[in-house]
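Here is a short briefing to read alongside the sequence and the structure. Take a look at the fold first, then follow the topics below in any order you like.

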Amino acid sequence: MNTKTNSSFSGQIGFVLAAAGSAVGVGNIWRFPYLAAKDGGGLFLIIYLILVLTFGYTLLSSDIAIGRRTQKNSIQAYAAMRPKWKFLGILTFFVPAVIMTYYAVIGGWILRYVIAYVSGKAQLAAEDSFFVDFITNPRDSVLYAILFMLLTALIVYKGVEGGIERCSKVIMPCLLVMVVLIACYALTLRRTAEDGAVRTGMQGLRVYLMPNFHGLTVQRFLQILLDAMSQLFFSLSVSMGIMITYGSYVKKEVNLNQSISQIEVFDTGVALLAGMMIIPSIYVFSGMEGMNSGPKLMFVSLPKVFASMGAVGVFVGTAFFVMAAFAALTSCISILETIVANFMEIFHTSREKTCVSLTLLYTAASVVIALGYSLFYVEVPLPNGSVGQLLDIMDYVSNSFMMPFISILSAVLIGWIVGPQWIIEEMEYGGHPMRRKAIYIFMVRFVSPVIMSILFLQSIGLFSL
Ligand code: PHE
């Protein structure tokens with residue numbers, strides 16, 4: 001029987017690429033650039049970078065070290081640390097369990113665009129109504145969500161080394177090359193607007209990189225800080241048991257400190273490059289007005305930019321959506337894998353059986369969520385002030401509500417009950433020094449609980465800036 005105990009990544013490269021695969025997702029490609037544009041360009045970037053090296057580092061190290069030290073998935077791992085804290089493991093397990101209901105739906109949207117570009121319908125994809133027509137069409141939106149779900153399931157079915165690692169080793173280097181090429185191309189863009197003004201990609205780069213202190217107040221600074229924090233959290237796939245599961249597949253001889261630095265660099269690098277590709281493109285073709293938030297940026301504004309590039313736009317658009325599909329796929333794999341692994345551990349079932357049963361369950365769930373824009377359309381006011389459909393509700397529950405809450409509890413458990421030394425020992429296993437040890441201890445004991453509490457209160461609407 002193919003149980004978890006004998007699954008592992010073949011070595012450091014396999015682990016780093018799989019973990020980076022989980023971390024690099026739609027968050028890097030559409031959310032990061034949008035936040036950077038909204039939050040003062042370089043100012044946001046500086047804050048984000050400082051946070052990655054301190055706060056993000058702490059969260060990522062904790063998850064991965066817990067996984068490798070206990071050799072278990074979230075539910076059993078927290079129970080192994082302190083039996084009374086098993087509830088935290090169960091809570092953590094629910095985050096991917098909820099995210100999985102909608103992630104394949106977003107994957108399906110991206111797949112729809114890949115197909116549109118590949119089949120020569122780039123002009124159609126650039127029309128205003130294309131996106132809304134697609135997601136409100138029950139048959140098509142369901143079809144693509146199922147397709148993406150099955151693609152994910154196939155790789156998880158093949159196991160840790162033969163499925164996840166093998167596919168990450170191909171996909172992640174391709175993704176990196178594509179994002180670098182598109183970003184370089186974006187910098188060469190040049191266009192004369194109707195009013196005669198010339199806008200270039202290099203000017204767009206300045207908008208992106210130069211810190212904009214204009215109108216900066218304490219309140220705005222705190223808002224930028226919170227934006228950067230929640231982005232970081234989502235981007236590194238932490239506090240949802242995913243990195244615990246991946247950590248449990250890491251062999252003892254792997255140097256965790258080095259691996260974690262590499263994952264941070266990969267995730268942040270792709271986010272920065274995505275900004276370098278999106279902000280100048282939008283700037284050149286539609287000024288800053290094109291900088292929509294959320295799905296509209298990727299699915300409505302960008303196809304228009306590609307369309308205005310002429311023939312080369314079809315090529316760039318195809319490359320962009322294939323890259324986005326890769327990013328979404330490796331993230332979706334990590335979510336399904338975490339759920340499968342927890343089930344296998346608890347019920348002692350085989351990977352194959354568990355994977356098939358969960359795939360059936362989540363295909364049904366994805367169908368329901370995909371229909372949330374047609375048959376099951378609702379408008380529910382959320383505590384953070386927005387109004388959401390089924391997908392937004394699931395996203396709110398998992399990311400805005402559960403993740404910060406879990407992070408607070410996990411920081412308390414590590415910082416004050418088990419003690420940071422427990423993590424540090426694992427990080428230093430094999431004689432690899434943990435250079436950011438002092439930062440780790442300070443962050444996990446003092447900073448994380450406070451910051452996560454503020455983020456949590458803000459998400460549930462009890463605190464606003
Ligand atoms: N980290 C991914 C991103 O940046 C998102 C993700 C969320 C991945 C949840 C896995 C699980 O887009």
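The protein has 19 helices and four strands. Its radius of gyration is 21 Å, close to the 23 Å that the globule rule gives for 465 residues, so the protein is as compact as a globular protein of that length. Please keep in mind that this is a predicted model.

**Overall build**

- The C-alpha trace spans about 65 × 50 × 40 Å along the principal axes of the protein.
- Of the 465 residues in the protein, 52% are buried.
- Among contacts with a separation of 6 or more, 81% are between residues 24 or more positions apart.

**Around the ligand**

- The ligand is surrounded by 14 residues, and the closest are Gly 25, Gly 27, Ser 235, Ser 237 and Ser 331.
- Four helices each supply at least two residues of this shell: α1 (12–23), α2 (26–38), α11 (218–235) and α15 (311–347).
- What kinds of residue make up the shell, by class? The shell holds six nonpolar and eight polar residues, and no charged ones.

**Helix α2, one of the ligand-shell helices**

- Helix α2 has 13 residues, and its first and last C-alpha atoms lie 18 Å apart, close to the 18 Å expected at 1.5 Å a residue.
- There is a kink of about 30 degrees at Phe 32 in α2, and the proline Pro 33 comes shortly after it.
- Twelve of the 13 residues of α2 are buried, so this helix is largely enclosed by the rest of the structure.
- The buried residues of α2 include Gly 27, Asn 28, Trp 30, Arg 31 and Tyr 34, and Gly 27 is also one of the residues closest to the ligand.
- Both Phe 32 and Pro 33 are buried as well.
- Just after α2 comes Gly 40, with a positive phi of about 80 degrees.

**Helix α14 and its packing**

- The 15 residues of helix α14 (residues 294–308) should span 21 Å at 1.5 Å a residue, and the end C-alpha atoms are 22 Å apart, which agrees.
- Helix α14 bends by about 30 degrees at Leu 302, with the proline Pro 303 following within four residues.
- Buried positions in α14 are Leu 297, Met 298, Phe 299, Ser 301, Leu 302, Pro 303, Val 305 and Phe 306.
- Which helices do the buried residues of α14 pack against? Their partners are α2, α5 (86–118), α6 (122–125), α7 (130–135), α13 (256–286) and α15.
- Two of these partners, α2 and α15, also supply residues to the shell around the ligand.
- After α14 comes Gly 310, whose phi is positive, near 80 degrees.

**Helix α17**

- Helix α17 (residues 390–418) has a kink of about 40 degrees at Met 402, shortly before the proline Pro 404.
- Gly 419, just after α17, has a positive phi of about 95 degrees.

**Positive phi outside glycine**

- Gln 71 is a residue other than glycine with a positive phi, near 55 degrees.
- The loop between α3 (42–70) and α4 (74–81) is where Gln 71 lies.
- Gln 71 has 18 C-beta neighbours inside 10 Å, so it counts as partly exposed.
- His 348 is likewise a residue other than glycine with a positive phi, here near 50 degrees.
- His 348 sits in the loop between α15 and α16 (351–370).
- Is His 348 buried or exposed? His 348 counts as exposed because it has 11 C-beta neighbours inside 10 Å.

**Two individual positions**

- Ser 230 belongs to helix α11, and with 19 C-beta neighbours inside 10 Å, Ser 230 counts as partly exposed; a residue needs 20 or more to be buried.
- Ser 230 and Asn 399 are 169 residues apart along the chain, yet 8.6 Å separates their C-alpha atoms.
- Pro 381 is part of strand β3 (residues 380–381), and Pro 381 is exposed, with 9 other C-beta atoms within 10 Å.
- The C-alpha atoms of Pro 381 and Ile 393 are 9.1 Å apart in space, and the two residues are twelve apart in sequence.

How values were computed: Residues are numbered from 1 along each chain as its sequence is written. This is a predicted model: local features need pLDDT of at least 70, side-chain atom pairs count only at pLDDT 80 or more; totals for chains, interfaces and linings use all residues. A residue is near a molecule or strand if its C-beta atom, placed from the backbone, lies within 6 Å of it. Ala, Val, Leu, Ile, Met, Phe, Trp, Tyr, Cys and Pro count as nonpolar, Asp, Glu, Lys and Arg as charged, and the others, Gly among them, as polar. The radius of gyration is taken over C-alpha atoms; the globule rule is 2.2 Å times the number of residues to the power 0.38. Two residues are in contact if their C-beta atoms, placed from the backbone, lie within 7 Å. The bend at a residue is the angle between axes fitted to the seven residues ending there and the seven starting there. The expected span of a helix is 1.5 Å times one less than its number of residues.
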